[in-house]
Amino acid sequence: MTDFIQNGLPLALFVIFCTLAVVSALGVVILRNPVSSAFSLILVLLNIAGIFAMQEAYFISAVQIIVYAGAIMVLFIFVIMLLSIERVELDMPTNKAFWPVPIVLGIAFFFGMFVVFLKGSTVAIKGPFTSQAVEASGGNVRVVSELMFSDYILPFLAMGMLLSIAIVGAVLLAKRKVD
Amino acid sequence: MNHLGDPFIFPALITGAALFAIGLAGITLRRSLIAILMCIELMLSGVNLTLVTFSRANQDMSGQIMVFFIVTVAAAEGAIGLGLLIALYRNMKEVGTAHLNQMKE
């Protein structure tokens, strides 16, 4: 029993998270009501946050919940409710001849990536950040933040620039009249 | 076959690939702009999942930092996309791609 809790239970939970993520992703595509689509997407993002946490990426897991499932999805639902988009006419193609296109495209992409992942890389230079090394230097959040403010400081600052430009752009686009 | 030793890695990679493929299928299938935006978010999430998984498999933190930047760019993209959507709705009173063919005429 203790063996199951230590070894089997995390893997079972992990597979449940993965399955739920894929099933809710199908819901995003298939459900016609945009509100149910958006709620399926929230479910996908929460499941992915669970997967991140089980892979010891705690900071990214928290960011996923706060920024993605919190801020971005609230924005989506806000716009859906604001414009009261119930159903878009001709949302799904009525022509039956079109249906194989997305299905074949999706399956082809999936199996392409499946083959690549299955083959594996021949050369993998393992980095210095083993679980033990990360734990010893103060945990995931500390290691990520130290890297972000040293090696990746320039992209970090550029990201601030991008966000302020995006704020101005979004306000300008949604404004009623440009003076 | 070195990165398949950990039992967590393969299901996560498959999930990432599946999310990307489902998002791609959704973009080609749906005709409503808000659904297309949500499918783009789905594809970005699949990529994020793959990056975090390989970051763990190769014991390298750069993947997680890249995911942080992708989430930030996704937030900017969502804000701009929804701003465009509101501007479009004000002019056209609908958010489908079926009648967006002014450039063609």
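This report covers the contact between chains A and B, a helix pair in chain B, and two loop residues in a predicted model.

## Where the chains meet

Chain B brings 65 residues into contact with 72 residues of chain A. Three elements of chain B each give two or more residues to this side: α1 (9-29), α2 (33-57) and α3 (62-92). Of these, α3(B) gives the most, with 21 residues.

What is the make-up of the side of chain B that touches chain A, by nonpolar, polar and charged residues? The nonpolar residues number 44. Another 15 are polar, and 6 are charged.

## Helix α2 of chain B

α2(B) has 25 residues. At 1.5 Å a residue, the helix should span 36 Å. Its end C-alpha atoms are 36 Å apart, so the expected span and the model agree.

Is α2(B) largely enclosed or largely open? Of its 25 residues, 21 are buried, so α2(B) is largely enclosed by the rest of the structure. A residue counts as buried when 20 or more other C-beta atoms lie within 10 Å of its own.

## How α1 and α2 of chain B pack

α1(B) packs against α2(B) at an angle of about 160°. The two axes are 8 Å apart. Angles over 145 degrees count as roughly antiparallel, so α1(B) is roughly antiparallel to α2(B).

The crossing of these two helices, α1(B) and α2(B), is left-handed. Their contact has 18 nonpolar and 8 polar residues. Charged residues are absent from the contact of α1(B) with α2(B).

## Two loop residues with positive phi

Most residues other than glycine have a negative phi. Two residues in this model call for a look on that point.

In chain A, E56(A) is not a glycine, yet its phi is positive, at about 65°. Where does E56(A) lie? E56(A) is in the loop between α2 (34-54) and α3 (58-83) of chain A. It has 19 C-beta neighbours inside 10 Å, so E56(A) counts as partly exposed.

In chain B, Q59(B) has a positive phi of about 55° and is not a glycine either. Q59(B) comes just after α2(B), in the loop between α2 and α3 of chain B. With 16 C-beta neighbours inside 10 Å, Q59(B) counts as partly exposed.

Methods
Residues are numbered from 1 along each chain as its sequence is written. Chains are lettered from A and ligands numbered from 1 in the order in which they are written. This is a predicted model: local features need pLDDT of at least 70, side-chain atom pairs count only at pLDDT 80 or more; totals for chains, interfaces and linings use all residues. Two residues are in contact if their C-beta atoms, placed from the backbone, lie within 7 Å. Helices (H or I, at least four residues) and strands (E, at least two) are DSSP runs, numbered from the N terminus. Ala, Val, Leu, Ile, Met, Phe, Trp, Tyr, Cys and Pro count as nonpolar, Asp, Glu, Lys and Arg as charged, and the others, Gly among them, as polar. The expected span of a helix is 1.5 Å times one less than its number of residues. A residue is buried if 20 or more other C-beta atoms lie within 10 Å of its own, exposed if 12 or fewer, and partly exposed in between; C-beta atoms are placed from the backbone. Axes are lines fitted to C-alpha atoms, for helices over the stretch in contact, and angles run from 0 to 180 degrees between N-to-C directions. Angles under 35 degrees count as roughly parallel, over 145 as roughly antiparallel, 65 to 115 as roughly perpendicular and the rest as oblique. A crossing is left-handed if the near helix is turned anticlockwise from the far one by less than a right angle, and right-handed if clockwise.
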